[in-house]
Amino acid sequence: MTMPSVESQPKAGEESTAVKREDLLFASIFVAAVALTISMLVLAGPLGQLLPSGHFRFFPSVYVFIHHKPTEQMRYLLAVAFALGLGLVFALVRTPRWLSATQARSTSVRWLGVCGLIACVGVAFWSWEAQFENFGGEGSTTHFGEGDLVVAIVIAAALFYLARLRPRWFDARLLLTRRPQSWWWVATAALLTACWLLPSIFRAQNLGRADPYVTFHLQFTFDEFVSVVNGRTPLVNYTDQYSSLLPFLVWPVLSVGGAQVGVFTVTMCALTFVALLCVERTLALVTRNEILALALYVPFLASSLFFIIRGSEPFNWASYYAVFPVRYLGPYVLLWMCTRHIRGFRPHGSVVVFVCAGFVVLNNVEFGLPALLAAFVVVLTGAERTAAGIGRVVRNLLAGFVIAFAAVSVLTLLRAGHLPKLGLLTYFARLFGEGGYGLIATPLGGLYMVVDMTFGAAVLMGALRYRDRAPDETLTAALLYSGILGLGAGNYYMGRTHPAGLVVLFSIWAISVALLALLALRAVAANRVGARLSSLALVGGALLSLGVAATSIAQVPKPWTELRRITTSTPVPAPYAIGAAVAFVRRTSHRGEPVLLLAPLGHQIAIDAHVENIASVSNPINLLTYEQLAEALETLKQARGGRIYTVQTYPEVTAALAADGFKSTLDPASGITEWWR
C-alpha cells in the first residue's frame, strides 16, 4: 500500500558502506514525517488563523451547519507541501557522497530507513483498522472488509508469481504493432465501461425507486445545467456550484433533446464514458501493451465507480454528476493529452496542453488547479533541463491560460455582453472552505491516510525516475500527474470528511496504484527485487494495493437488471413532479416575464412555464447569506421584474420579503408561495 519497487540494485563490488536506495528512501520519509508531525503540532494552529475566513453573513438558521476547521485545513496543506517538497528534493538533489563515507553514517541511514519502514507499515495498518470506526454521529466509514484484504493478498501473490514467469503478453508493443487486433481490447474496455455506467442512467419516471442520494443530489446538478437553457450565463449572472463550462457544452443537447432528466443523465454518462476511456488510453500509452493496459484499467474502473450504497438500488459517484463527469472529465482528458505530449504524439506543442489546462481550471477550480499544476510539472519533465527550457514552459503556460480565458470571454460576451467574473468561479468553494458551511471534523485516523500515502509515493517515485533519467518518460509523467492531482484534489475530502466523500478520490488513487504496481511488476520480471525487507515492502505494498482495488470488480453491475430498471416506470417523486408548479407560475405570470423563482428545479419550471428565472443559484437552500439575497433582489429590479416565487427557503428570506413590503399568496397544489408588491 505504500510504494513501488526500486529500479536498480547495487552493482557488484560496491563498498559495504554504500547506502542502499530503498534505505535512503525510507530514511528520507521518516525524517520528513517527523518534521511534518512537529509542524502540524506547533505551526498548524497559528498558520491556520491566517487562512481567509470569507466574512460571509450567513442566515442565523444556517449556523448549525457552520464548522470552521482552519487548523485541520492547514495540517493538510502542510502535508501536501512536505510531500511535494520532498519530491522536489528527490528530483533535483543526488545522494550526497558523505552519507556513505563511513560505516557509522551508513548504519545511521539504515536505521532511519528501518524506522521509516515501520512508520509506513504502522500508519497503513492504523488507517485500515480506523476505517471501521464511527465518528461525529456518522455511520460506519468501512469501505473494505477483512475478506477484501485476504483476497487482495492472494491477488498480490499471484501477480508476483506471474511476473516472475514473464508471460509473453507482458512484453511492451506486443499488440500495439498489430492495430486491428488491438482495437478488440479497446472495445472490451468500452463495453465494460458502458456496463458500469448503466446504474447512473435515470429518467424522471424511474426516480421513485432510486436511492435518496440520487434524488437529492440530482436536483442541484440538473438545474445548474438547465439554467443555461433558461438564459443564465455561468461566470456572469449565474453562480455555479459545480461547473462553469460544461453547461455550455451540454446546452445544445438539452435545447434539442429537451431539459429532461433522462436526456441529462444519458449525456452525463456519455461524458463520464469519455473521461474513463481517456485513462484507458493513457494506460495503453504508458504500458505500450493493450492487454496489460486493460488488466490495469478494470480495477481502476471498478474503483472509480465504487458502489457506496449496494443492493437493489446501488449508488456510486457516477450518479452524483458533480463528481463524474463535472470534476473528473477535464483532468482525465488533460492526463491523456499530457501522456501523448510526452510520447511525442499530437499535440506536439505544450501550448495546446496548457490551453486545455486553462479550460479545466475555468470549469472547476477544486480539481482544475491541481490538474494545472500536474500538467505543468509533466511538461517540465519533457523539456530541456536548462533555464531557457523552463522559461519556455512558463511562457507557454501563460499563453495557454490567456488563450483559454480569451475564448471563454468571447463566449460570455456574445451570450451575456459581459466578461467573466472570476470571483464567481470560486464563490461556492470559498463559501464551503472559508465560510465553513457543511464542513465535518476530520477523524484522527482513517483510510484516507493510505490514499494520501499512495499519492505521495507516486510523486516520490516519479521524482526519482526524473532525477535518474529513467527510461520510459511517459510512466514518469503519469506518476507525477496522478500523485500531484490526488494530493491537490484531496483537499475536497479534507474539507467535508464524510465517509462517502473519500470514495471520490478512489479514482485518482486507483491510477496511482496501477502505475506503482506496473513499476513493481517490471522490477519483479527483471529480477531487480532483492531479499531486503525494505525492497520487498515496496513491491508488496504496490501489488497489495492493486489487489485491494481489484476487489471492487466484484461489484460489477448486471446489465439486464439495469436495462429493466431504466425502462420500468414509477410515479415521479418530489421535487421532479413539477406539473402543479408549472401551472401555477403560468397562471400568475405573463410569457417571458423575468421572475425570481427560488424553488427546487426552478429553471426547469421556468422553461416549461415560459418565464425567465433570474435566480443565480440552482436551489433555494444554496441561497445562504444576506449578500446573496440582496444581490438576487437587485438583479430582479434591474431586470424590471417584481414577482418572486419561493418554496423550501430559509425563514430569513420570507421575513426579508415581508419586511420589504411584498405580499404573498400560497398555492396549495404546488406548495409555492407567490410574492409581489
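Here is a short walk through this predicted model, one selection at a time.

**Stop 1: strand 1**

Start by selecting residues 594-598, which make up strand 1. Is this strand enclosed or open to the outside? Five of its five residues are buried, so strand 1 is largely enclosed by the rest of the structure. Try colouring the two faces separately. P594, L596 and L598 lie on one side, V595 and L597 lie on the other, and both faces are covered.

Now bring in the neighbours. Add residues 612-613, which are strand 2: this strand pairs with strand 1 in the parallel sense, over two bridges. To see where they meet, click on V595 and look across to N613 in strand 2, which stands opposite. Then trace the chain between the two strands. From strand 1 the chain passes through helix 23, residues 602-609, before reaching strand 2, and this β-α-β crossover is right-handed.

Next, show residues 643-646, which form strand 3. Strand 3 also runs parallel to strand 1, and four bridges join the two. Here the residue to click is L597, which stands opposite Y645 in strand 3.

**Stop 2: the aromatic rings**

Hide the strands and show the aromatic side chains. How many aromatic pairs does the structure hold? The count is 29. Zoom in on F56 and F58 for one of them: this pair is tilted, with 5.9 Å centre to centre and 50° between the planes. Both rings are tucked away, as F56 is buried at a relative accessible area of 16% and F58 is buried at 7%.

For another arrangement, move over to F324 and Y328. Their ring centres are 4.6 Å apart and their planes sit at 25°, so this pair counts as stacked. F324 and Y328 are both buried.

Now go back to F56 and F58 and widen the selection. Together with F65, Y427, F428, F432 and Y437, they form one aromatic cluster.

**Stop 3: charges over rings**

Keep the rings on and add two arginines. Select R385 with Y466, and you'll find the charged end of R385 over the ring of Y466, 3.7 Å from its centre. Then select R565 with F202: the charged end of R565 sits over that ring, 4.9 Å from the centre.

**Stop 4: the cysteines**

Show the cysteine sulfurs. How many disulfides are there? The count comes to zero. Two examples are worth a click. For C115, the closest cysteine sulfur belongs to C120 and is 11 Å away, too far for a bond. C115 itself is partly exposed, with a relative accessible area of 31%. For C356, the closest cysteine sulfur is in C338, at 8.0 Å, and that is also too far for a bond, since a disulfide needs the two sulfurs within 2.5 Å. C356 is buried, with a relative accessible area of 14%.

**Stop 5: F216 and A574**

Finish with helix 7, residues 212-229, and pick out F216 in it. Is F216 buried, exposed or partly exposed? Its relative accessibility is 40%, so F216 counts as partly exposed. Now select A574 as well and draw a line between the two C-alpha atoms. They lie 9.6 Å apart in space, although F216 and A574 are 358 residues apart in sequence.

Key. Residues numbered from 1 in each chain as written. Predicted model: local features only at pLDDT ≥ 70, side-chain atom pairs only at ≥ 80, totals over all residues. Heavy atoms only, no water. Buried < 20%, exposed > 50% of the residue type's maximum accessible area, 1.4 Å probe, protein only. Pairing = 2+ DSSP bridges. Right-handed = clockwise from strand over helix to strand, strands pointing away. Phe/Tyr/Trp six-rings, centres within 6.5 Å; stacked < 30°, edge-to-face > 60°. Lys NZ or Arg CZ within 6 Å of the ring centre and 35° of its normal.
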